Every structure is written in C-alpha cells, then in structure tokens.
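Visitor: I'd like to zoom in on one part of this model and get the full story on it. Could you walk me round its main open space, and then the parts about it?

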Amino acid sequence: MMKKLSVILCASSIVYTLWYMHFDLPWTNDGALSTIGLTHRTYFIIWGVLTFAALSLSVITAYRERTKTKIYIPLLTLSGIGMALTLIFRFDYDIKPNYYFHCAGSLTFSIVTGVTIFLLFVLAKDRLFAVITAVILIADTVLLIIFKENGLIEAVPIFAGYIMLCITNLRRDKIEITR
C-alpha cells in the first residue's frame, strides 16, 4: 500500500511541479521555484507540501524495505523543518529576516533530503543510484554557484529523486537484511 501511494504522490508531484514551473521561464532566475512563489503563494505552498510528502513517503518506504537503519527519521525531521521555513518565510529580499530564514530553510531541505537519498542508496548497496545521486548533487551545487538559482537547477535533483525512489520502491527483488 505504501509503495503504491509513494509512486502516486511522486507522479502527482512531477505533474504539479511541471505545471507550477509554467508561470515563468525555468532556465531564468525569475523561473526559480521560490521566485514564482512570490506571486503565486498558495501554489508554492501546495508545491512544497506535495514535494515533501512525496519524497518523505518514498524515502520511508525504501529505507524500511531495503535497510535496517532508522537514520531517515532524524534526517527527514530536519528536512521537514527546512521545508517549513521555506514555506513560512517569503523569498523577499526587501524583508531581510524572511529572506534569510527562507534561504536557510531551502538549503536545509535540499541538502538534508539529498544526503538522505544518497545514504539510502549507499546503505542499500545500490551503487548505480548512489553514483547518480552524488553526481547530480555535485553538479547541481556547481551550477548553483555559477548560474545562481533557476527552476531547472532546482527541479532536476527533485525529479531525479522522484524517479530513482519510484524505481527503487517498485523493484520486485528482495533485499536480504542481515545483522
């Protein structure tokens, strides 16, 4: 049941994110998810809640089936706090405290969620997805430094997470968990 729900949530999140990104050009700074959220606040909050729910449920499902650790619990808690800060505080540079809390939340969500997914693949001994995740996280960081934020740079790691977690959760192979 959790597997199916996680896949449905991820598919819904992909569709919603693509729709949400239509409000501006995703390869520009104005097309960044948070920037769009300045003019479409409710849609941004829906995006954030849906994204966190989809990734979290998929991570929980995969960790429970493929690992023996519960490290995902404190990591998802930190990630959720990051997403909450992102959604509560506006990305408004004119209101410095809001801007800083928003950015701190966004970075916390992104980094902690990426690390959580990377750890999943390392612990589950899925070398291919671990390498893909590492490459995406490193490339995304470099692109953010070079080009600043834009919708594509923000969305690619999220879409990759959705896709790899869905594949992981839909696999029929059983992983033997030994102590």
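Visitor: How many residues line the largest pocket, and which of them lie nearest its centre?

Guide: The largest pocket has 35 lining residues, and those nearest its centre are Ser106, Leu107, Ser110, Asp140 and Leu144. Six elements each give two or more residues to that lining: α2 (33-39), α3 (41-66), α4 (72-88), α5 (96-123), α6 (127-147) and α7 (151-170). Helices here are DSSP runs of H or I with at least four residues, strands are E runs of at least two, and both are numbered from the N terminus.

Before going on, a word on what you're looking at: this is a predicted model, in which local features need pLDDT of at least 70, side-chain atom pairs count only at pLDDT 80 or more, and totals for chains, interfaces and linings use all residues. Residues are numbered from 1 along each chain as its sequence is written, and side-chain values use heavy atoms, with hydrogens and water left out. The pLDDT (the predictor's confidence in each residue, from 0 to 100) averages 91 over the protein, and 96% of the residues score at least 70. By element, the mean pLDDT is lowest in α2, at 90, and highest in α4, at 97.

Back to the pocket. It holds about 810 Å³ of space. On a 1 Å grid over the protein atoms alone, a pocket is an open set of points with protein on both sides within 12 Å along at least five of seven lines, a cavity is a set where a 1.4 Å probe fits but cannot get out, and lining residues have an atom within 4 Å of a point. Points join across faces, edges and corners, and volume is the space filled by probe spheres set on them. The top contributor to the pocket lining is α5, with twelve residues. Sorted by character, the pocket lining has 21 nonpolar residues, eleven polar and three charged (nonpolar: Ala, Val, Leu, Ile, Met, Phe, Trp, Tyr, Cys and Pro; charged: Asp, Glu, Lys and Arg; polar: the others, Gly among them).

Now take α6, one of the pocket's contributors. This helix has 21 residues and runs 30 Å from first C-alpha to last, close to the 30 Å expected at 1.5 Å a residue (1.5 Å times one less than the number of residues). Its buried residues are Phe129, Ala130, Thr133 and Asp140. These fall within an arc of only 105° around the axis, so they sit on the same side of α6; the arc is that of the directions from the helix axis to the C-beta atoms. Buried means under 20% relative accessible area, exposed over 50%, and partly exposed in between (1.4 Å probe, protein chains only). So Asp140 turns up twice, being among the residues nearest the pocket centre and among the buried ones of α6. On the other side of α6 the exposed residues are Arg127, Leu128, Val131, Val135, Ile138, Ile145, Ile146 and Phe147. Val131 is exposed at 52% relative accessibility, and its C-alpha is 8.4 Å from that of Phe118, 13 residues away in sequence.

Between α5 and α6 there's a loop, and Lys125 is in it. The phi of Lys125 is near 60°, a positive value in a residue other than glycine. Most residues other than glycine have a negative phi. Lys125 is also exposed, at 71% relative accessibility.

With α7 the picture changes: 14 of its 20 residues are buried, so α7 is largely enclosed by the rest of the structure. From first C-alpha to last, α7 reaches 28 Å, close to the 28 Å expected.

Over in α3, which also helps line the pocket, you'll find Gly48. Gly48 is buried, with a relative accessible area of 0%, and its C-alpha lies 9.6 Å from that of Leu33, 15 residues away along the chain.

There's a closed space to look at too. The count gives one cavity of 30 Å³ or more, and the largest cavity holds about 30 Å³. Ser34, Gly37, Leu38, Arg41, Phe44, Arg90, Phe91 and His102 line that cavity. Here α2 gives the most, with three residues, and both α2 and α3 supply at least two. The cavity lining splits into three nonpolar, three polar and two charged residues.
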